[in-house]
Amino acid sequence: VMIAIGSLLFSGCEKENFSPNGKRYVLHEGDNYSTPLVASGFEGRELIFKVRFDDTAQYTIDYPFGYPVNKLYGFSDCTSGHHENGARFGWKWEALTEGGTPVLQIFAYTYADGVRTYEYMTSVPLNQNVSYAIRAENGEYLYEIMTDSGPVQKRMKRGCSGYGGPKYMAGPYFGGEAPAPHDITIWITD
């Protein structure tokens, strides 16, 4: 069943090799917000996009509680702000993985009625376009990433039901308290 849902979400989307297409977002050294900011409205209940992280996604920071999860892309929901109800993907560079190989980790990142939760999904390669999807369903969000091995999915609680009302896109954001340690470039294609 999960594979069938994945093929519905990603119909026509395939993983691509390195390509300069997409919109370029930069998290500038010493800042949290990307430029350009994402300030567009969002209609519907499903968001499908591709992302390419380049080598600038590798970083080290001196943070006492480990590396926080950075925000990638998603939307607000339920006619509220994204810190009240919203769905995004999160990411972080993890240099201390089991086996000692650094990886770019991807997370499902949700606010439901003001409660933030995030869960690890998979790691993705640098310098390749990877397809992502978020779908709002009754009572939950379905997150999906297309990997070489097939779709990786995660379901997270949603703070409302229904699909109407104003929503907006939420774009790249680094950390929380810690700003970007150097310029980080992310390419996103809708």
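The largest cavity in this predicted model encloses about 50 Å³ of space, and the structure holds one cavity of 30 Å³ or more. Around that cavity stands a protein chain with one helix and twelve strands, in which buried residues account for 50% of the 190 residues.

**Cavity lining**
- Lys71, His82, His83, Gly86, Ala87, Arg88, Tyr109 and Tyr111 form the lining of the largest cavity, and by class these divide into three nonpolar, three polar and two charged residues.
- Two strands, β5 (86–94) and β6 (103–112), each contribute at least two residues to the lining of the largest cavity, with β5 providing the largest share, namely three residues.

**Nonpolar core**
- The largest nonpolar core comprises 39 residues, of which Phe53, Leu72, Phe89, Trp91 and Tyr132 touch the most other members.
- Once residues up to four places away in sequence are set aside, Phe53 touches Leu72, Trp91, Leu104, Ile106, Leu126, Asn127, Tyr132, Thr185 and Ile186.

**Chain organisation and surface**
- Along the sequence, the elements of the protein chain follow the pattern α-β-β-β-β-β-β-β-β-β-β-β-β.
- When contacts in the protein chain between residues at least 6 apart in sequence are considered, 66% of them join residues at least 24 apart.
- The protein chain exposes about 9,000 Å², and carbon and sulfur atoms supply 51% of this exposed area.

Terms used: Residues are numbered from 1 along each chain as its sequence is written. This is a predicted model: local features need pLDDT of at least 70, side-chain atom pairs count only at pLDDT 80 or more; totals for chains, interfaces and linings use all residues. Side-chain values use heavy atoms; hydrogens and water are left out. A nonpolar core is a set of buried Ala, Val, Leu, Ile, Met, Phe, Trp, Tyr and Cys residues joined through side-chain atoms within 4.5 Å. Buried means under 20% relative accessible area, exposed over 50%, partly exposed in between (1.4 Å probe, protein chains only). Contact means heavy atoms within 4.5 Å. On a 1 Å grid over the protein atoms alone, a cavity is a set of points where a 1.4 Å probe fits but cannot get out, and a pocket is an open set with protein on both sides within 12 Å along at least five of seven lines; lining residues have an atom within 4 Å of a point. Grid points are joined across faces, edges and corners, and a volume is the space filled by probe spheres set on the points. Helices (H or I, at least four residues) and strands (E, at least two) are DSSP runs, numbered from the N terminus. Ala, Val, Leu, Ile, Met, Phe, Trp, Tyr, Cys and Pro count as nonpolar, Asp, Glu, Lys and Arg as charged, and the others, Gly among them, as polar. Accessible areas come from the Shrake-Rupley method with a 1.4 Å probe; for residues, only the protein chains shown count as cover.
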